[in-house]
Amino acid sequence: MDTAVSPDHDLEDEATFRRLAFLDFDLSGQAADSAEFEQCRFTRTGLARTVLDRAAFTDCLVENSDWANLKATKSGLLRVEVSLARLTGLQWIDGSLRDVAFRECRMDLATFRFTSFKDVAFTDCNLTRADFTNADLRGATFTGCDLSGAQFAQADCAGTRFTRCELGGIGSVTSLKGAVVSAHDLAGLAHTLAAALDITIDLG
């Protein structure tokens, strides 16, 4: 695997990057249309505030990187692992994620509107106030994640699994219809669900 160097491997429209190691590399604030990344490794790589349209990441590994406020539309992740990354404010709109694993990532305020998930696992991630409006989450699992205040309006959650997650204050809780929630998580979900259904809980 070759090491990426600037400016040879800066972003540009329709660029294809194959078997490259982006090590301590900064692509922050750049923009590209239809860029493709295949079998690339991103270590301590900055894509903060980068704008991508119709981008594709295939067989990639992302670790200890800052992708905060990255904005991607109609883009895809396929067989990608992301760990210990900062993804605060990430916008992944109208895209697709397939066979993807997020581990110990900071993803607060991330947006995945109209995005489809298949075989996607979130483990020990901070997803507070994340936005899954109109997302297809039927192939997603959340384990040990903080989803406080997350929004699920009109999302398809049939079969979505939540295990040891914080679900307090989530929006459009009735969109979780069909989801599988561990007994451990029900207590935190109860008050939100009761409020959505206008149920009064009598603690006496």
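1. Two strands are taken to pair if DSSP finds at least two bridges between them, and strands themselves are DSSP runs of E with at least two residues, numbered from the N terminus. On that basis, β10 and β12 pair in the parallel sense over seven bridges, and glycine 76 has serine 96 in β12 as its bridge partner. Seven bridges likewise join β12 to β13, and these strands run parallel; here the bridge partner of arginine 98 is lysine 118 in β13.

2. The model is predicted, so that local features need pLDDT of at least 70 and side-chain atom pairs count only at pLDDT 80 or more, while totals for chains, interfaces and linings use all residues. Residues are numbered from 1 along each chain as its sequence is written, and side-chain values use heavy atoms, with hydrogens and water left out.

3. An open sheet of four strands follows the order β4-β7-β9-β11 with parallel pairing. Because β4 (31-33) and β11 (91-93) stand at the edges with a single partner strand each, one side of each is left without a neighbour in the sheet. Neighbouring strands of this sheet are turned by 5° against each other on average, direction ignored, where the axes are lines fitted to C-alpha atoms and angles run from 0 to 180 degrees between N-to-C directions. Within the sheet, β7 (residues 51-53) and β9 (residues 71-73) pair in the parallel sense over three bridges, and leucine 52 stands opposite alanine 72 in β9.

4. The largest nonpolar core has 59 residues, and those with the most contacts inside it are Phe57, Phe102, Phe132, Phe142 and Phe152. Such a core is a set of buried Ala, Val, Leu, Ile, Met, Phe, Trp, Tyr and Cys residues joined through side-chain atoms within 4.5 Å, where buried means under 20% relative accessible area, exposed over 50% and partly exposed in between (1.4 Å probe, protein chains only). Among the elements that give two or more residues to this core are β8 (56-63), β10 (76-83), β12 (96-103) and β13 (116-123). Leaving out residues up to four places away in sequence, phenylalanine 152 touches ten residues' worth of surroundings that include Phe132, Leu137, Phe162, Ile170 and Leu176, contact meaning heavy atoms within 4.5 Å.5. A search of the whole structure finds zero disulfides, a disulfide being a pair of cysteine sulfur atoms within 2.5 Å. Cysteine 40 is in none, and the nearest cysteine sulfur, that of cysteine 60, is 5.0 Å away; cysteine 40 is also buried, with a relative accessible area of 2%. The sulfur of cysteine 145 is 4.7 Å from the closest cysteine sulfur, in cysteine 125, and this is too far for a bond, while cysteine 145 is buried, with a relative accessible area of 2%.

6. Aspartate 131, in the loop between β13 and β14, is buried, with a relative accessible area of 12%. Its side chain makes a polar contact with the side chain of threonine 133 (2.5 Å), a term for a pair of N or O atoms within 3.5 Å of which, within protein, one must be able to donate a hydrogen and the other to accept it, residues adjacent in sequence counting only if both atoms are side-chain atoms. Leaving aside neighbours within four places in sequence, aspartate 131 is in contact with Ala110, Thr111, Phe112, Arg113 and Gln151.

7. Some backbone values deserve a check. The peptide bond from serine 6 to proline 7 is cis, with omega near 5°, and proline 7 is placed in the loop between β1 (2-3) and β2 (16-18). Aspartate 119, in strand β13, has a positive phi of about 55° although it is not a glycine.
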